[in-house]
Amino acid sequence: MATKPGTTPTSQGTSRRQFLKKTATALAGAVAFPYIIPPSALGLNGAVAPSNRTVMGCIGVGSQGTGNMNNFLGRKRAHIVAVCDVDRAHRMRAKGLVDKRYENEDCAGYNDFRELLARTDLDAVSIAVPDHWHAIPAIAAANAGLDIYAEKPLALTIPQGRAMCEAVERNGRIWQTGSWQRSQSHFRFACELVRSGRIGKVHTVEVGLPTGPSIGPQPEMPIPEGFDYDFWLGPAPWAPYTKQRCHWNFRWILDYSGGQLTDWAAHHCDIANWGMGTEFTGPAEVKGKGEYPRDGLWNGATNYRFFCQYPAGASPVAPDGFVMNVSNKNHSGATWKGKDGWVWVDRGGIDAEPKSLLESVIEPNEVHLYESRSHWENFLDCVRTRATAITPIEVAHRAISIAHLGNIAMRLERTVRWDPEAERIIGDSGAERLFARSMRGPWALASVAATIRIRCRLRRRMIVCERPVPRELNGRSSE
Amino acid sequence: MRRYTMMLMAAALGVVSLMPAVAWAQADDGGALKAALKNVAKYEFGQSREPLTVVADAIRDSQNDPQVRAKLEDAMVVLLRSKSTRDAKDFACRQLALIGTDKTVPALAAMLGPSDTSDMARYALERIPGAAADKALIAALGRTSGVVKVGVINSLGARECAAALGKLGPLAKGGDVAIAEAAIAALGKIGSADAAAALVAARGRVADEVYPAWVDAYLLCADRARKAGDAAGAADRYAELLEDELARVRVAAFMGLAAAAPERGLPLAIDALKGDCPDMLGAALLCVRTMPGANATNAFVGLMPDLPAPTKALLLAALADRGDAAALAAVTDAAGSEDEAVRTAAMAALGKLGSAGSVTILAKAAAEGGRTVAGAARTSLDTLRGNDVDAALVALLTESGDAGVKAELARALAARNAATAVPALQKTAQDSDEKVRAESFKALGALAKAADLPGLVKLLIKVDGSRARKEAERAVVAVSKQIPETDQRGAAALAGLKKARRAEAKASLYAVLGQIGDPNGLKPLRKAAKRGKPETQAAAVRALAGWPTVAAVDDLVVIAGRGKNETHTALALRGLLRLLEIQGREGVDEKMAYYEKAMKAASTTDQKKMVIGALANVHDFGALKLIEPYLDDPELKEEAVLAANKVRTSFYKATASAGAGDAAKAIDGNADSRWATGSPQKGGEWFQVDLGGEYSVKGVVLDTAKSADDYPRAYQVFVSNDTDNWGNAVAEGQGVKGVTKISFDALSGRYVKIVQTGADESNWWGIHELSIEAR
């Protein structure tokens with residue numbers, strides 16, 4: 001029997017907040033009860049106290065979303081109570097995985113993320129939806145007071161990313177971007193070598209990303225049963241259904257993503273920034289050349305190379321400024337080139353010149369970067385301690401801004417000048433037109449308030465420190 | 001002038017009829033764009049979009065030619081007004097989003113009302129600068145309703161259209177929830193003082209269900225004021241929401257206020273840290289990390305004594321992130337807490353805020369604390385910053401009488417790469433406690449230099465205890481390898497060998513020589529491997545078996561061939577096979593001779609299996625010859641067949657009708673990689689394998705399990721001795737989802753071809769792994 005959203009959860013599904021509310025009530029008159037218990041205070045048998053468990057919902061449970069969900073499912077400190085996907089097949093498969101893990105049938109399934117966010121028992125959400133859908137549920141979740149683990153690339157456009165950053169900051173939420181390379185020790189070590197000045201003054205960073213795919217024209221097809229295609233399109237312009245448009249392949253189409261470029265820049269440009277210490281700024285100028293398919297359904301760049309000029313002072317290890325060269329023709333990964341050597345890192349390994357760097361130790365007085373051994377564990381830690389996660393939203397926003405600017409420069413075939421402080425294109429009204437996108441139908445970044453409207457209508461006057469039960473969801477059957 | 005300039009002028013004439021005929025006549029290749037524009041008008045999804053690309057390129061290339069661009073804009077407007085297809089109109093809207101001007105606006109405005117065109121009209125209008133687009137959107141408010149009207153309001157918000165304030169204010173107070181909510185949100189995006197005033201005016205009229213939108217909008221206005229430098233005004237707006245019924249609104253108001261006016265936020269943060277609202281506590285912990293000022297640090301530190309332990313632990317973590325050393329005294333004090341969580345957090349915080357003076361506390365905690373406390377203390381010892389920290393660690397290492405503390409200090413010095421600690425570590429390597437000796441040797445392996453080797457070897461000769469001895473061996477090996485000249489690396493160990501008397505010391509030095517690979521070490525190892533005490537002889541054999549270069553192959557053949565000691569034979573064979581493998585393809589004939597010797601020396605079934613297993617990885621027909629005699633041996637048959645197949649497969653060469661570059665991925669032994677056609681199955685696609693020689697073929701397995709839908713819908717299999725005459729199919733049938741197994745009567749041939757004969761409208765044909773049953 002499935003648990004209905006909004007009804008009293010099982011003991012396993014008791015949220016951190018609910019536990020604390022109950023405990024606080026029980027301890028009324030005694031000392032104030034904190035809502036977080038550090039790991040060392042956990043039960044001796046390895047069980048996790050309800051107050052320490054992060055109750056989660058998963059929005060988007062296709063391949064990447066299921067991967068993230070499985071990562072949380074494998075951790076005692078997380079408990080998943082609901083999944084959401086506009087494809088019933090994905091939704092039911094994910095529910096099956098959750099139910100199997102917990103040996104019950106309690107996981108709720110939703111087609112509409114707003115219904116999932118209206119639950120009262122959530123602490124956090126995992127979001128893994130196509131890029132054109134990143135901003136709306138993320139802002140909605142932040143406005144609903146939830147912490148968020150969300151997939152890269154951060155957003156479809158720079159303004160959408162900025163709005164997401166502001167919502168997360170405004171609501172004091174913990175955010176972890178799925179750029180998990182940061183939680184791999186060899187990526188951190190490579191960046192520490194560069195940041196500690198081991199290759200001297202850096203003049204160039206080369207970022208190598210994969211080549212984009214192409215495909216011929218595709219026929220319009222019947223929408224598969226159980227797939228809410230209109231919702232899948234959401235804020236993107238209307239387009240006929242064809243199989244190769246959806247799910248994994250959305251990323252090759254510019255209405256929904258920025259192509260192979262943005263898909264991978266969110267990893268390697270992020271690492272390049274980490275090594276340069278340019279995670280909170282951006283280039284002053286971007287120029288390059290891209291090959292966009294002249295025909296067929298997929299229209300993201302297949303071959304591309306663009307150069308980002310960073311001014312003096314942008315990076316602590318490049319006092320004279322540096323160039324970030326991003327291309328599918330570069331050596332995959334990030335390569336920093338300095339006066340005294342170079343460092344390369346990718347998922348397959350790390351290399352450097354001089355080779356002795358590879359065996360060296362980063363000493364205490366050198367630059368030590370944030371250490372995380374598990375991207376998902378780091379998120380759960382930060383939910384508990386309220387520390388900043390290893391890939392916070394601003395960092396992810398700045399990484400993907402590089403790729404968005406690259407796409408704009410390549411599509412226009414001209415140099416784009418950029419003010420990273422104000423996040424404005426300088427002196428090019430034509431380029432500004434590629435900066436943002438209109439949203440279809442009723443969707444807007446601001447329309448997210450609708451997400452929590454239902455709950456507010458019913459319980460606004462009695463909310464204290466918990467989320468109220470949305471009464472109209474009581475009794476609704478869930479999958 | 002770019003190529004398209006002339007084309008465009010002619011095209012505009014043909015389609016728009018706005019250009020004088022002479023321009024058309026002057027166009028050299030104007031037909032291309034004209035034709036493209038005509039085709040765009042008829043374009044429907046599923047057709048080639050090449051004409052769209054031609055026009056889009058022309059628009060992009062017109063960026064420096066206003067006249068040409070104007071004509072292209074006209075052409076797009078004509079598409080909107082003509083009986084072109086919906087997809088053509090969508091295309092025109094996309095282009096007008098890039099180049100549209102005021103003259104485009106009326107055509108787009110006309111599309112704002114109907115629900116099937118409104119979205120794309122907004123797609124263009126939202127990006128067109130200027131008052132005309134604003135006016136068109138504002139005017140549309142009066143003639144739209146429902147979702148269409150919500151979209152128009154959203155566009156006005158996205159444009160931050162101040163001119164719409166007069167219309168949005170009343171809509172925000174209206175009874176239509178969706179429209180009121182959109183209007184409120186748009187006011188928030190406009191974000192000006194006037195917009196905030198409109199929101200304030202609407203507040204009393206806003207329905208409960210729209211209230212969250214109102215709050216978000218009002219917070220946006222406050223954010224905007226703060227970012228514009230009006231901190232006081234922003235702070236007042238945030239403060240209005242501090243008592244809101246919604247916890248998340250109180251959090252946002254507090255976060256905003258703390259950013260705009262820290263002096264007003266600080267008391268609230270203090271209250272939140274002492275309070276019982278989890279949402280506010282979480283927000284306060286964020287502020288502890290970011291709120292500026294020494295007074296804030298003092299205020300947070302002052303709270304410590306009164307907080308319950310779990311909150312104190314969280315505050316310590318936040319103070320550590322805050323990075324203000326003014327909190328050090330309080331953190332040090334907390335390190336003595338009885339609560340494990342508080343102690344853990346304090347130890348971690350000392351790593352960020354501490355100094356040389358924190359070393360003793362940390363070392364003691366690392367040695368004696370519980371698992372989590374010790375872990376945090378170790379990390380802090382390893383990362384504590386300061387020029388005098390290493391010296392403090394060395395001083396304590398020298399003075400301390402606590403073996404646990406000394407071991408932790410030795411470990412930390414290695415982690416800190418503290419080279420100055422070597423003399424002190426050489427002393428503690430002789431400590432009476434084996435744990436201290438082991439950790440000291442471990443540290444010396446990381447920190448000592450080549451000049452320290454003679455002393456290190458002396459210590460190795462003298463050391464007692466198996467764990468400490470093993471670490472001493474590792475240290476000598478690590479330091480010896482720092483010497484660039486291979487034939488110099490063993491000098492210290494060889495000198496030590498002359499002085500060593502105890503068998504265990506000699507065994508250690510043999511082990512060292514075997515790992516560093518100095519050729520001068522071979523002679524004493526050969527001698528020791530022949531005769532001597534059993535433990536030193538075994539150590540020498542083991543050292544030769546682990547020798548890093550092929551220089552030891554003959555020695556290993558000799559040892560394996562003696563057959564006197566089964567352990568020695570097994571060690572020698574394993575070492576020999578390893579060396580042959582790392583040798584690669586160089587001198588393959590000579591290498592095969594060594595494999596033959598190895599096979600002869602192998603006396604037991606297990607040893608023979610070991611050799612056969614190694615032959616499986618040899619890409620040479622000689623390997624097949626060596627394996628062949630065992631194909632019918634009942635005890636070795638299974639390994640021999642597997643090995644022979646693996647060798648044969650290494651000679652396969654694959655090609656395909658499409659995606660030939662990836663064909664090898666179907667026979668690479670890796671089911672995660674694959675070959676695929678790259679387009680839906682139509683029939684006629686083929687995949688072909690050259691077996692490298694003539695074999696008796698009787699089956700094929702197509703593994704598509706990891707892309708289950710990409711199985712062949714139907715297939716035929718051919719076997720032939722040449723690629724021109726395939727003859728009749730030896731098998732045909734329907735593929736199955738996952739793995740398709742095909743068997744047929746054995747047929748002799750060198751080439752195998754699988755032809756896909758079915759069709760599927762969307763799925764490709766792929767093969768993750770292809771197996772061919774051949775002998």
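What follows is a conversation between a visitor and a guide about a predicted model.

Visitor: How do you know how far chain A of this predicted model can be trusted?

Guide: The predictor's own confidence, which runs from 0 to 100, has a mean of 86 over chain A, and 82% of the residues of that chain reach 70 or more. Over residues 1–14 of chain A, however, the pLDDT is below 50, and this stretch has 39 contacts in the model beyond near neighbours in sequence. Residues 16–47 of chain A are also below 50, with 63 such contacts in the model.

Visitor: What makes up the secondary structure of chain A, and how much of the chain counts as buried?

Guide: Chain A has 14 helices and 15 strands, and of its 479 residues 66% count as buried. Among the contacts in chain A with a separation of 6 or more, 73% are made by residues 24 or more positions apart. The accessible surface of the chain comes to about 16200 Å², and 53% of that area belongs to carbon and sulfur atoms.

Visitor: Why is A:His134 called buried or exposed?

Guide: Buried means under 20% relative accessible area, and A:His134 has 4%, so the residue counts as buried. A:His134 is placed in the loop between strand S4 (124–127) and helix H5 (135–143) of chain A.

Visitor: What makes the link between the side chain of A:His134 and the backbone oxygen of A:Pro153 a polar contact?

Guide: A polar contact needs a pair of N or O atoms within 3.5 Å, one able to donate a hydrogen and the other to accept it, and here the side chain of A:His134 reaches the backbone oxygen of A:Pro153 at 2.7 Å. The backbone oxygen of A:Val129 lies 2.8 Å from a polar atom of that side chain. Leaving aside neighbours within four places in sequence, the residues in contact with A:His134 include A:Glu151, A:Leu154 and A:Met164.

Visitor: What is the peptide bond between A:Lys152 and A:Pro153, and where is A:Pro153 placed?

Guide: The bond that joins A:Lys152 and A:Pro153 is cis, with omega about -15°, and A:Pro153 is in the loop between strand S5 (147–150) and helix H6 (158–170) of chain A. A cis peptide bond also joins A:Glu353 and A:Pro354, with omega about 5°, and A:Pro354 is in the loop between strand S13 (349–353) and helix H10 (356–359). Such bonds are worth pointing out because most peptide bonds are trans.

Visitor: What is the phi of A:Glu103, and is the residue buried or exposed?

Guide: A:Glu103 has a positive phi of about 55° although it is not a glycine. Most residues other than glycine have a negative phi. Exposed means over 50% relative accessible area, and A:Glu103 has 74%, so it is called exposed. A:Glu103 lies in the loop between helix H3 (88–102) and strand S3 (108–110) of chain A.

Visitor: Why is A:Glu413 called partly exposed?

Guide: The term covers values between the 20% and 50% limits, and A:Glu413, at 28%, therefore counts as partly exposed. A:Glu413 has a positive phi of about 55° although it is not a glycine, and lies in the loop between helix H12 (393–412) and strand S14 (416–419) of chain A.

Visitor: What makes A:Leu412 buried, and which residues is it in contact with?

Guide: A:Leu412 is found in helix H12 of chain A, and its relative accessible area of 11% is under the 20% limit, so the residue is buried. Beyond neighbours within four places in sequence, A:Leu412 is in contact with A:Gly430, A:Ala431, A:Leu434, B:Arg60 and B:Gln63.

Visitor: How do you know how many disulfides there are?

Guide: A disulfide needs two cysteine sulfur atoms within 2.5 Å, and a search of the whole structure finds zero over all chains. For A:Cys107, the nearest cysteine sulfur is that of A:Cys58, 7.7 Å away. A:Cys107 is buried, because its relative accessible area is 2%. The sulfur of B:Cys221 is 15 Å from the closest cysteine sulfur, in B:Cys161, which is too far for a bond, and B:Cys221 is buried at 0%.

Definitions and conventions. Residues are numbered from 1 along each chain as its sequence is written. Chains are lettered from A and ligands numbered from 1 in the order in which they are written. This is a predicted model: local features need pLDDT of at least 70, side-chain atom pairs count only at pLDDT 80 or more; totals for chains, interfaces and linings use all residues. Side-chain values use heavy atoms; hydrogens and water are left out. Helices (H or I, at least four residues) and strands (E, at least two) are DSSP runs, numbered from the N terminus. Buried means under 20% relative accessible area, exposed over 50%, partly exposed in between (1.4 Å probe, protein chains only). Contact means heavy atoms within 4.5 Å. Accessible areas come from the Shrake-Rupley method with a 1.4 Å probe; for residues, only the protein chains shown count as cover.
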